[in-house]
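Colleague: Could you walk me through your model and tell me what each label rests on? Let's have it on screen.

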Amino acid sequence: GAMMDNRFATALVIACVLSLISTIYMAASIGTDFWYEYHTLSPAENVSEAGRSIWEEFVSKDADEKTYTDALFRCNGTVGLWRRCITVPKNSHWYSPPAFSFFPPPESDMTTNCISFSLSDQFVEKYIEPGNHNSGTDLNRTYLWRLQFLLPFVSIGLMCFGALIGLCACACRSLYPAIATGVLHFLAGLCTLGLVGCYVAGIELLHRKLPLPEDVRGEFGWSFCLACVSAPLQFMAAALFIWAARTNRKEFTLLKAYRVA
């Protein structure tokens, strides 16, 4: 029996470690702002003059999607699930005499400012023409956006629930509940995959409506990559949990049958 037990124990420990890493990755990706990044190739002087008004528009309560996306394009913006950020010149430049605005501000004088999406922003409708509420609701983008906001929480919730069941399993000294833990991890992995898919589709559709300017390039950032890595970790943990529980159960029943015989 000891040999078997060691194998299962090892599988379960590896599964728990994978589960923990993927939970940390998910939490980090939800909490950071680098899901998508825009890099403006043009010099910053055009920003320093308009910087103040861009920032005011970007922050204002009624900044619509087009307004803030334009600001993201122009100011090396980054977008997370919760926040959007732009890099703007420090205040001094906004009040400087016009003579100095010919020189692009040095990098050190740039500051990154972020504003959070409110809960109502997360559920607000997206329009067929971004920023024009008379153009009707774009259902695809509206629901993709809502899903990309909800799915990561469902994913983390499922893993935490799985962990609770796992703790109960330890307390009861039974491997059977590990099947439930595995299934929950599998579902969490599906949610994470769904989140990644929704995000990619949402960005694609947005850029079809609001094409990137010539001198701006966009790319998925490291927060997005963390979520991508998290999904296979969840699937691997799920496979290990289910394998350990099922194989152990089979051997246990065989052992019992053998004893009875």
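Colleague: What is the volume of the second largest pocket, and what makes a site a pocket?

Modeller: The second largest pocket has a volume of about 390 Å³, a volume being the space filled by probe spheres set on grid points that are joined across faces, edges and corners. A pocket is an open set of points, on a 1 Å grid over the protein atoms alone, with protein on both sides within 12 Å along at least five of seven lines. Before we go on, this is a predicted model, where local features need pLDDT of at least 70, side-chain atom pairs count only at pLDDT 80 or more, and totals for chains, interfaces and linings use all residues. Residues are numbered from 1 along each chain as its sequence is written, and side-chain values use heavy atoms, with hydrogens and water left out.

Colleague: Good to know! Which residues lie nearest the centre of the second largest pocket, and what makes a residue part of a lining?

Modeller: A lining residue has an atom within 4 Å of a point. There are 23 such residues around the second largest pocket, and A63, D64, Y68, D121 and V124 lie nearest its centre. Helices α2 (45-59) and α3 and strands β4 (110-116) and β6 (132-137) each supply at least two of them; helices here are DSSP runs of H or I with at least four residues, strands are E runs with at least two, and both are numbered from the N terminus. By class, this lining has 9 nonpolar, 6 polar and 8 charged residues, where Asp, Glu, Lys and Arg count as charged, Ala, Val, Leu, Ile, Met, Phe, Trp, Tyr, Cys and Pro as nonpolar, and the others, Gly among them, as polar.

Colleague: And the largest pocket: what is its volume, and which residues are closest to its centre?

Modeller: Its volume is about 640 Å³. The largest pocket has 27 lining residues, with F8, L12, S174, L175 and N248 closest to the centre. Elements α1, α6, α7 and α8 (222-260) each give two or more residues, and α1 gives the most, with 8. The classes come to 16 nonpolar, 8 polar and 3 charged residues.

Colleague: How many cavities of 30 Å³ or more are there, and what makes a space a cavity?

Modeller: A cavity is a set of points where a 1.4 Å probe fits but cannot get out. The whole structure has 1 of 30 Å³ or more. The largest cavity has a volume of about 200 Å³ and is lined by 15 residues, with E65, W145, G202, I203 and L206 nearest its centre. Helices α3 (65-74), α6 (139-172) and α7 (178-209) each supply at least two residues of that lining.

Colleague: Why is the pair of W35 and Y199 called tilted?

Modeller: It is one of 18 aromatic pairs in the structure. Rings of Phe, Tyr and Trp (its six-membered ring) pair if their centres lie within 6.5 Å, and planes under 30 degrees apart count as stacked, over 60 as edge-to-face and the rest as tilted. The centres of W35 and Y199 are 4.9 Å apart and the planes meet at 55°, so the pair is tilted. W35 sits in the loop between α1 (2-31) and β1 (36-40) while Y199 is in helix α7, 164 residues apart. W35, Y36, Y38, F73, Y199, F220 and F224 form one aromatic cluster.

Colleague: How do you know whether L18 is buried or exposed, and what about L205?

Modeller: Buried means under 20% relative accessible area, exposed over 50%, and partly exposed in between (1.4 Å probe, protein chains only). L18 has 12%, so L18 counts as buried, whereas L205 has 22% and is therefore partly exposed. L18 is in helix α1, and its C-alpha atom is 5.8 Å from that of L233, 215 residues away along the chain. L205 is in helix α7.

Colleague: What makes R84 a charge over the ring of F58?

Modeller: The rule asks for NZ of Lys or CZ of Arg within 6 Å of the ring centre and within 35 degrees of the ring normal. R84 lies over the face of F58, at 5.1 Å from the ring centre. R146 lies over the face of Y143, at 5.1 Å from that ring centre.

Colleague: Lastly, what is notable about phi of N76?

Modeller: Phi of N76 is near 45°, a positive value in a residue other than glycine. N76 is in the loop between α3 and β2 (78-79), and its relative accessible area of 32% makes N76 partly exposed.
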